[in-house]
Amino acid sequence: MGILEVKGVNKNFGGLKALSDVNLSVKENSVHAIIGPNGAGKSTLLNCLVGKLIPDTGSVMFDNQSVLGRKPHQINQMGISRVFQTPEIFGDLTVLENVLIPCFAKRDGAFRMHAFEQVGNERDMLLRAETILTDVNMIDKRDDHAGSLSRGDKRRLEMAMCLVQNPKLLLLDEPTAGMARADTNNTIGLLREIREIRDITMVIIEHDMHVVFSLADRITVLAQGTPLVEDIPEKIKGHPKVQEAYLGQ
Ligand code: ADP
Ligand code: MG
């Protein structure tokens, strides 16, 4: 059993079958990439995992619990965190303040989550935020305004805001979209470091094959809403069905 088990998921938009009979099993502490041409249903699938969309049929189990019927913040409480395609940070606040926001949200109210129960007082929160900033190599920028950061650093900061929540599963939708090669390589390096220093599972949707082959343990190829193949990267490269899906775009 994987930490994430998707079974028989269908999702239609009007007459359009965005997902049909999707099965996906993601092993704990692995990096699982989902690739496929534009319109294949990748973002729709991700949205079904975080409660933004509800599948018409099928099941989505995370850590042996169903996510279906739960609100996005409740799914977040289960240990699933999502990195958005465009970084969602607070430009007027400092880097450190941005990382503290999820801590306070958890302590003070609506978003109280199991993963944060160990974060009791402000001193602990500060320590925790600083540790994460050190992990993502941003401690030198703790007092900089987030709005003034480079695109790559904004992405790094957003990653820190996710990691401070101590997620079990990190979902990344095209984390290197629009980045220059240098920033892309930095992001690959960062994600590799994160894997090394903590137990975490990642599901990554990505267009850039260089990123996918640098990070993934397993790859699922989605085309027209259906998984075509799932295998290790070496087997995916040059797979006839994969070539067909991309050439047929
Ligand atoms: P991908 O992320 O792989 O590019 P999407 O999941 O965004 O693909 O989209 C899959 C299909 O579903 C596309 O044909 C897209 O136009 C359609 N689609 C996605 N979201 C909606 C929506 N909210 N309403 C109607 N159609 C949608
Ligand atoms: Mg998409």
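Two strands pair if DSSP finds at least two bridges between them. Keep that cut-off handy for the first exercise; the model you're looking at is a predicted one.

**Exercise 1.** Find out how strands β9 and β10 pair, and which residue of their hairpin takes a positive phi.

*Solution.*
- Step 1: Locate the strands, β9 at residues 218-223 and β10 at residues 226-231.
- Step 2: Check the bridges. There are five of them, and the pairing is antiparallel.
- Step 3: Pick out one bridge: V221 has V229 in β10 as its partner.
- Step 4: Look at the turn. Two residues sit between the strands of this hairpin, and Q224 takes a positive phi near 50 degrees.

**Exercise 2.** Work out which residues surround ligand 1 and which element gives the largest share of the shell.

*Solution.*
- Step 1: List the neighbours: F13, L16, A18, G36, N38, G39, A40, G41, K42, S43 and T44.
- Step 2: Ask which elements give two or more of them. Those are β2 (16-26) and α1 (42-49).
- Step 3: Pick the top giver, which is α1 with three residues.
- Step 4: Sort the shell by type, and you get four nonpolar, six polar and one charged.

**Exercise 3.** Describe the largest nonpolar core and follow A129 within the fold.

*Solution.*
- Step 1: Size it up: this core has 65 residues, and V99, A129, L133, A160 and I204 have the most contacts inside it.
- Step 2: Find the biggest contributor, helix α5 (residues 151-163), with six residues.
- Step 3: Check the domains. Domain 1 (1-79 + 169-249) and domain 2 (87-167) each supply at least three residues to this core.
- Step 4: Zoom in on A129. Setting aside neighbours within four places in sequence, A129 touches L96, V99, L100, C103 and V164.

Terms used: Residues numbered from 1 in each chain as written. Chains lettered and ligands numbered in written order. Predicted model: local features only at pLDDT ≥ 70, side-chain atom pairs only at ≥ 80, totals over all residues. Near = placed C-beta within 6 Å. Helix = DSSP H or I, 4+ residues; strand = E, 2+ residues; numbered from the N terminus. Nonpolar A, V, L, I, M, F, W, Y, C, P; charged D, E, K, R; others polar. Core = buried A, V, L, I, M, F, W, Y, C linked by C-beta atoms within 7 Å. Buried ≥ 20, exposed ≤ 12 C-beta atoms within 10 Å, placed from the backbone. Domains from an automatic or database assignment. Contact = placed C-beta atoms within 7 Å.
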